[in-house]
Amino acid sequence: MVTLRRRVAVIGDVGGHVEHLRSSLASLGVSASSWPHDLIVVQVGDLFGGRDDVAVAELVAPHLEAGRWVQLIGNWELEAVGGSHVTNSNGRTADPAALRVFSEWHRAGMVRRAAALTSSAGVVGVITHAGVSHGFWRADLEGDADGRRVVERLNSMPLSQVARPGQMFGAADETAPGPIWSSWAESWSWWETPPFAQVHGHSSPWNSYKQQWWDGTPDDLVDHAVANNGHVTFHANPGTLPFISVDPGLWDRSPVNALRPLEFRDAVLT
């Protein structure tokens with residue numbers, strides 16, 4: 001079997017910001033008429049957010065259909081795949097027309113819950129919308145240390161399991177939130193030596209508006225984290241495999257280049 005190594009770019013939460021997505025793709029060498037031959041994109045979900053959702057879906061569709069785009073499910077897309085309806089604190093919901101398109105992608109088998117990436121150094125990373133929490137890993141994945149097998153299991157689990165709510169959806173006492181709803185704090189806490197790296201969106205301790213850590217962020221987590229232009233990297237302990245949040249925290253007046261892809265060269269995506 002031939003293993004195809006490619007340039008893999010992980011794009012964080014778009015939230016319906018179509019111009020930010022266009023800028024992100026342009027930074028990767030994508031234009032209206034061309035796509036670099038070695039590039040594949042993974043978008044971590046929350047593609048929509050009640051802004052220009054239909055335009056975002058139209059931008060993504062040809063790349064998804066061509067097999068050069070891997071689309072994960074975020075909490076904003078749950079309704080399209082049989083899950084809960086999501087409304088943010090301002091009463092905003094995803095555009096129903098965009099959700100219908102996403103539902104069609106789902107029926108065609110073109111969306112996933114997780115993807116596995118193997119770096120050129122042989123490190124396996126699990127890519128999900130919100131991150132695999134330690135509680136979910138112990139209880140639902142039975143402590144499975146094989147990142148590729150973890151991804152296979154996540155993609156075959158019942159939706160209600162991977163979308164189990166945590167503190168961000170009114171279940172503050174849940175000890176095993178699923179990787180579609182887990183907050184960054186729930187995903188990063190309790191690990192000592194993670195068996196695989198993780199890349200996720202959904203939430204971040206970095207306030208992109210004020211360019212500082214969110215108020216109330218626990219010192220024991222921030223002390224192990226580094227913010228770098230929209231990406232936050234966390235190590236549970238020195239020398240352990242990282243957690244990387246690629247959620248840029250876009251808001252209506254974010255700079256158009258705020259949605260920065262996380263690139264891996266010479267990587268294998270499964």
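**Exercise 1.** In this predicted model, determine which residue of E7 Val-126 stands opposite, and how E6 and E7 pair.

*Solution.* Step 1: Val-126 faces Gln-198 in E7. Step 2: strand E6 covers residues 124-128, and its pairing with E7 is parallel, over three bridges.

**Exercise 2.** Identify the bridge partner of Val-199 in E12, and state the sense in which E7 and E12 pair.

*Solution.* Step 1: Val-199 has Ile-244 as its bridge partner in E12. Step 2: strand E12 spans residues 242-245 and pairs with E7 in the parallel sense, with three bridges.

**Exercise 3.** For strand E7 (residues 197-200), establish which residues point one way and which the other, and whether they are buried or exposed.

*Solution.* Step 1: Ala-197 and Val-199 point one way from the strand. Step 2: Gln-198 and His-200 point the other way. Step 3: all of these residues are buried, that is, under 20% relative accessible area.

**Exercise 4.** Place E7 in its sheet and name the edge strands.

*Solution.* Step 1: the sheet is open, has eleven strands and mixed pairing, and follows the order E4-E3-E2-E1-E13-E5-E6-E7-E12-E11-E10. Step 2: in this order E7 stands between E6 and E12. Step 3: the edge strands, each pairing on one side only, are E4 (111-112) and E10 (225-228).

**Exercise 5.** Describe how E3 is joined to E4, and which strands helix H1 lies across.

*Solution.* Step 1: E3 (residues 69-72) and E4 run parallel and are joined by two bridges. Step 2: Gln-71 has Val-111 in E4 as its bridge partner. Step 3: helix H1 (residues 18-27) lies across E1 (6-11), E2 (39-43) and E3, and runs at about 160 degrees to E1.

Terms used:
Residues are numbered from 1 along each chain as its sequence is written. This is a predicted model: local features need pLDDT of at least 70, side-chain atom pairs count only at pLDDT 80 or more; totals for chains, interfaces and linings use all residues. Side-chain values use heavy atoms; hydrogens and water are left out. Two strands pair if DSSP finds at least two bridges between them. Helices (H or I, at least four residues) and strands (E, at least two) are DSSP runs, numbered from the N terminus. Contact means heavy atoms within 4.5 Å. Axes are lines fitted to C-alpha atoms, for helices over the stretch in contact, and angles run from 0 to 180 degrees between N-to-C directions. Buried means under 20% relative accessible area, exposed over 50%, partly exposed in between (1.4 Å probe, protein chains only).
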